[in-house]
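User: Please take a close look at the metal site in this model, and then work outward to the parts of the fold that can be described with it.

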Amino acid sequence: MRSIEFLDTTLRDGEQTPGVNFSIKEKVAIAKQLERWGIASIEAGFPAASPDSFEAVRQIAQVMTKTAVSGLARSVKSDIDACYEALKDAKYPQCHVFIATSPIHREYKLKKSKEEILEIIKEHVTYARSKFEVVEFSPEDATRTELDYLLQVVQTAVDAGATYINIPDTVGFTTPEEYGYIFKYLIENTASDREIIFSPHCHDDLGMATANTLAAIKNGAGRVEGTVNGIGERAGNVALEEVAVALNIREDYYQATSDIVLNETVNTSELISRFSGIPIPKNKAVVGGNAFSHESGIHQDGVLKNPLTYEIITPELVGVKHNSLPLGKLSGRHAFIEKLKELELTFEESEIVPLFAKFKQLADKKNEITDDDIRALVAGTEIENPEGFHFGDLKLSSNTDDTVTAAVVMANADADEVEVVADGKGSVEAIYNAVDKFFHQNVRLLSYTMDAVTDGIDSQARVSVSIENTDTGTIFNASGIDFDVLKAGALAYINANTLVQKENMGEIGQIISFRDLPTN
Ligand code: KIV
Ligand code: ZN
């Protein structure tokens, strides 16, 4: 039985999702959870992109004890130097060098011949190997590269010292049969006296990322690359939790296992959902809310007689927690803090007082507070505003001409209050116009979605918004939670505007993808 290594690139490729801007603190918390989940290597970022990216990779390198930490580098010496500096303190450092190889990239992006690209690979993989014991090489857009040339590319990288060869399906173009064959061909025809490990890196544009990744494993890949919840640009990357669970459930077929600690899967997925501001779809494979519910009567009857009739994945396998200790009106601060710890929700000492106050308000309205309520309470907390203002109150009135007037009160710790009033064709428009008046920023609302945190009529509402700072083009996701759906929406929009304000004040560094930079 082979063991497949997992490389997680949530913090690099995953952060290229529009609206996802992890803070350095969040990145470190994510890396720690990935280590707990059993991830062998973390691609922690692209150190040459910005001082913030560099600092995040540096801090992650300092805290990982078992997991290798990798940095991405274009085939540019200064990028490799930046990786080296950022990863100095890593116990197991790795450098990931890439260059595009497909005809369309060669002709239009790089304007380089096949031979020139082979020279660049030789020079930069050799340079990376002079600084790193372990080097990974990726031919970007590998699946649209001529197969005979791809073999030459791979052989050049291997001869220059690369240990890991990653075959990115950069635009999600390939199919399982085709991708499987690419792995078989490259593995059979690459010459080396060292062990070379091949990995799939799949994007999900045609919805085939998981199938393609598994086809690569079936054909000899020894490591997989992907992200938690499948986040990433466009349709995203392969969802690593799907690959890990598929290997476990279909071990008979793939004849492969992994070191992923499966019962940490739900914790990992929820953390990424919370920090990325991207809710997990109810029907998402492995971690979606409906993955274990059996609605139809026939299914329920079967499941009661023997769960395996309709349920191939048990909730326990992936760590779905049942309310071990439900909280209620009489629960005190100590029990509340214990619950936060049990759910592995990271929080600062200074956040306890406002969180506990919110918990008390919730307990006044709801008899039994579930784990989902507590997670939502933490996720929907107001983001600290640089100017100290928080959401105070909301009043709405309907006008005779069918418009609505919203009065939003923002307050600060000194009890100074600012009331902003605006009209709109409906309640949400009126509230958002009022919030715009408060912030005076150039923003554009891109999406607004609402869902219920728990089942039942007493559920809290969660509103998630995505807005663009039109001065910089940066997109931010944020959410707000409240019993009142309009207040939840106001909070989400205030949180998103606070992120824009922080960016405008220089408190949030810009996320720079390798695609925003010259190629080499
Ligand atoms: O999808 C891709 O091609 C990448 C490479 C940089 C590995 O993310
Ligand atoms: Zn990618």
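Analyst: A donor here is an N, O or S atom within 2.8 Å of the metal, and water is not among the atoms, so a site may look incomplete. The model is a predicted one. With that cut-off, the zinc ion (ligand 2) is coordinated by Asp13 through OD and by His201 and His203 through NE2, at 2.0 to 2.2 Å. Along the chain, the donors of this zinc ion follow the spacing D-x187-H-x1-H. Distant parts of the chain are linked in this way: aspartate 13 sits in the loop between β1 (2–8) and α1 (24–37), while histidine 203, 190 residues apart from it, sits in the loop between β7 (197–202) and α8 (209–218).

Both of these residues are buried, a term that requires a relative accessible area under 20%. Aspartate 13 has 1%, so it counts as buried, and histidine 203 has 2%, so it does too.

His201 also appears in the description of the cavities. There are three cavities of 30 Å³ or more. The largest has a volume of about 130 Å³. Its lining comprises 14 residues, and those nearest its centre are Arg12, Glu140, Pro168, His201 and Phe514. At least two lining residues of the largest cavity come from each of β4 (93–100), β5 (135–140) and β6 (164–169).

Next, helix α2. The helix runs over residues 51–63, and its 13 residues should span 18 Å at 1.5 Å a residue; the end C-alpha atoms are 19 Å apart, which agrees. Its buried residues are Ser53, Ala56, Val57, Ile60 and Ala61. These cover an arc of only 130° around the axis, so they lie on the same side of α2. The general reason is that an α-helix has 3.6 residues a turn, so residues three or four places apart point the same way. The buried residues of α2 pack against α1, β2 (41–45), β3 (68–74) and α3 (77–86).

One of those partners, strand β3, holds serine 70. Serine 70 has a relative accessible area of 0% and is therefore buried. Leaving aside neighbours within four places in sequence, serine 70 is in contact with Ile42, Glu43, Ala44 and Gly45, and also with Leu87, Gln94, Cys95 and His96. The C-alpha atom of serine 70 is separated by 9.8 Å from that of tyrosine 84, which lies 14 residues apart from serine 70 along the chain.

Methods:
Residues are numbered from 1 along each chain as its sequence is written. Chains are lettered from A and ligands numbered from 1 in the order in which they are written. This is a predicted model: local features need pLDDT of at least 70, side-chain atom pairs count only at pLDDT 80 or more; totals for chains, interfaces and linings use all residues. Side-chain values use heavy atoms; hydrogens and water are left out. Donors are N, O and S atoms within 2.8 Å of the metal (3.2 Å for Na, K and Ca); water is not among the atoms, so sites may look incomplete. Helices (H or I, at least four residues) and strands (E, at least two) are DSSP runs, numbered from the N terminus. Buried means under 20% relative accessible area, exposed over 50%, partly exposed in between (1.4 Å probe, protein chains only). The expected span of a helix is 1.5 Å times one less than its number of residues. The arc is that of the directions from the helix axis to the C-beta atoms. Contact means heavy atoms within 4.5 Å. On a 1 Å grid over the protein atoms alone, a cavity is a set of points where a 1.4 Å probe fits but cannot get out, and a pocket is an open set with protein on both sides within 12 Å along at least five of seven lines; lining residues have an atom within 4 Å of a point. Grid points are joined across faces, edges and corners, and a volume is the space filled by probe spheres set on the points.
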